[in-house]
Amino acid sequence: MLSKPFFGYAKPQFHYELLSTALPQPAAVATPAAITVLLPREMGPKPSPLLKPGTRVKTGQRLTWDDQPGPAVVATATGTIQSVAPHLGDYGRKFTAVTITPEPQDEWDDQFAQGCRQPDRQLLIDFLAGAPGAPGLEKLANTKKPVDTIVIYGGDTDLLVDTNLYILKSRTDMVNKGIHALKEIAGVDKILLAVPSEAFQNFDGHFEADVRAVPSTYPFGQPLMLFYQLFGKILDQGETFDDHGVLFMRAEAVAAIGTALADHRLPTDKVVTVLDKTGHKHLVTARIGTPIGAILKMFDITLEDRDRLIFGGPMTGTAVYSEEQPILADTDAILVQDSRQVILTSDYPCINCGECVRVCPSKMAVNLLVRFLEAGQYQEGADLYDLYSCVECGLCSFVCVSRIPILQYIKLAKFELARAVPAEEENE
Ligand code: SF4
Ligand code: SF4
């Protein structure tokens, strides 16, 4: 329940990256010795009849657990399956990790190319749901919650990240082709393209979408913030964007759809912004499934004890614990923090300084909310202190003098409350 004016004057103010007209040229990461793709399905107790070590797969081949309808992942290299293992993602999400030893040359699976002769919505769902940028096209298959609006954000949601604005500026024609396909093939008529206001004049009139300007200051590119700006709504408890018929997409995802349909081949490479320990930025392209270590090696970045690796940007990124972790379709950035610069969270209590309240764009009483969340009283936090007004920007964690991981508490609270909804429904 929203009980206060939503927008406040946020201090400090951070600006998103806007990229100069001389666009950087991403460096290409060589195919590594092993590629790991994640099948969005928990590994069963019995071995998969299809995914067996020693089996050869082709680039662009759709990999499934068995021959029944179900989740799939696309092989991003040609080679032999080395291993099939369980993989635990954040918030307990379970996957099956398929590791492939690549061959020097790609051999392309031709199933997608055949489908391109008469492309339809199902082809997009089957082959492009996990394309670079993670379009999430599987949501188009949900007949109970049909998608009627696609919102493409042309910038990046976190600070210091260049990936999606680079794509929008450098692959404009492919983004446009992707938009056309979403209209004509996927059948979604309403497509909004939100771009940072300072870049708006470069894009207005260039796309088959309704182009809208959003402020270039953080956190206006965060999906929950965009949702409020574009539709004047917030997500209530247990709700997702699906409940409102809205699908959010990165510019990279839309460009991947356009490229796939133009080339009749599934794109395998992802653009990633790498922020090294000295604060320098590198733009790279790498195959989805490339281990982080292979990318770090390219820039002679070595990890010392207690250095931190983060997927995503500085405000909302998530720590990962191994250089073996593969980059995923939605890995827009890798941030490497020197242990001497890592600001650790603490168990100091809240001192009621009010900094989090002052900075919160949703004008929430964060200092009060956090007391309930620390105690695991999530429902009380939602009922009394507007948990669902939070747009998950992380500004409160950034300014907290007691170093309380407020954003993580908020995400955990929303996750636990969302998990509780189906359990309650089952018990009815
Ligand atoms: S993450 Fe913190 S600052 Fe940002 S909206 Fe939520 S409570 Fe407010
Ligand atoms: S910034 Fe941290 S210490 Fe200050 S009021 Fe907010 S939660 Fe408490």
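Which strands does helix α3 lie across? Let's start there. Helix α3, residues 163-170, lies across β12, β13 and β16, and its direction is at about 130° to β12. Before I go on, please keep in mind that this is a predicted model.

So, the sheet under discussion. We've got an open sheet of 6 strands, and if you walk across it you meet β1, β13, β12, β16, β14 and β15 in that order. The pairing is mixed. At the edges sit β1, residues 27-28, and β15, residues 318-320, and each of those pairs on one side only. For anyone who wants the background, strands of a sheet pair through backbone hydrogen bonds, either parallel or antiparallel.

Let me zoom in on β12, residues 269-275. Is that strand mostly enclosed or not enclosed by the rest of the structure? Well, 6 of its 7 residues are buried, so β12 is largely enclosed by the rest of the structure. On one hand, β12 pairs with β13, residues 281-287, in the antiparallel sense, over 7 bridges. If you want to find that on your screen, look for Thr273, whose bridge partner in β13 is Leu283. You can also look for Val272, which has Val284 as its bridge partner in β13. These two strands make a hairpin with 5 residues between them. In the turn, Gly279 has a positive phi of about 90°.

Then there's the pairing of β12 with β16, residues 333-337. That one runs in the parallel sense, over 3 bridges. The pair to click on here is Val274, which stands opposite Ile334 in β16. So β12 has an antiparallel partner in β13 and a parallel one in β16.

OK, back to the helices. Two packed helices are described by the angle between their axes and the distance between the axes. Take α3 and α7 to begin with: they pack at an angle of about 40°, and their axes are 8 Å apart. That makes α3 oblique to α7. On the α3 side the contact uses Thr163, Asn164, Ile167 and Leu168, and on the α7 side it uses Ala251, Glu252 and Ala255. Sort those residues by type and you get 4 nonpolar, 2 polar and 1 charged.

Now α7 again, this time with α4, residues 172-184. How do those two cross? Their axes come within 7 Å and cross at roughly 80°. An angle of 65 to 115 degrees counts as roughly perpendicular, and α4 and α7 are therefore roughly perpendicular to each other. The list of contact residues is longish to read aloud, so here's a sample: α4 brings, among them, Met174, Val175, Ile179 and Leu182, while α7 brings residues including Val254, Ile257, Gly258 and Leu261. By type, this contact divides into 11 nonpolar, 4 polar and 1 charged.

Follow the chain out of α7, which covers 251-263, and you reach His264, in the loop between α7 and β12. His264 has a positive phi of about 60° although it is not a glycine. Is His264 buried or partly exposed? It has 16 other C-beta atoms within 10 Å, so His264 is partly exposed.

There's another residue like that further along. Asp386 also isn't a glycine, and it has a positive phi of about 60°. You'll find Asp386 in the loop between α11 and α12, with α12 being 395-399. Asp386 counts as buried, with 23 C-beta neighbours inside 10 Å. The helix just before that, α11, covers residues 378-385, and Tyr378, Gly381, Ala382 and Tyr385 in it are buried. Seen down the axis of α11, those buried residues fall within an arc of 115°, so they line one face of the helix. Remember, an α-helix has 3.6 residues a turn, so residues three or four places apart point the same way.

One more backbone detail: a cis peptide bond joins Tyr218 and Pro219, with omega at about 5°. Pro219 is in the loop between β10, 210-214, and α6, 223-231.

Last stop, the other sheet. Here 4 strands form an open, antiparallel sheet in the order β2-β7-β6-β3. Its edge strands are β2, residues 35-39, and β3, residues 56-57. In the middle, β6, residues 79-88, and β7, residues 94-102, pair over 9 bridges. To get your bearings there, look for His87, with Phe95 of β7 as its bridge partner.

Technical notes
Residues are numbered from 1 along each chain as its sequence is written. Chains are lettered from A and ligands numbered from 1 in the order in which they are written. This is a predicted model: local features need pLDDT of at least 70, side-chain atom pairs count only at pLDDT 80 or more; totals for chains, interfaces and linings use all residues. A residue is buried if 20 or more other C-beta atoms lie within 10 Å of its own, exposed if 12 or fewer, and partly exposed in between; C-beta atoms are placed from the backbone. The arc is that of the directions from the helix axis to the C-beta atoms. Two strands pair if DSSP finds at least two bridges between them. Axes are lines fitted to C-alpha atoms, for helices over the stretch in contact, and angles run from 0 to 180 degrees between N-to-C directions. Angles under 35 degrees count as roughly parallel, over 145 as roughly antiparallel, 65 to 115 as roughly perpendicular and the rest as oblique. Two residues are in contact if their C-beta atoms, placed from the backbone, lie within 7 Å. Ala, Val, Leu, Ile, Met, Phe, Trp, Tyr, Cys and Pro count as nonpolar, Asp, Glu, Lys and Arg as charged, and the others, Gly among them, as polar.
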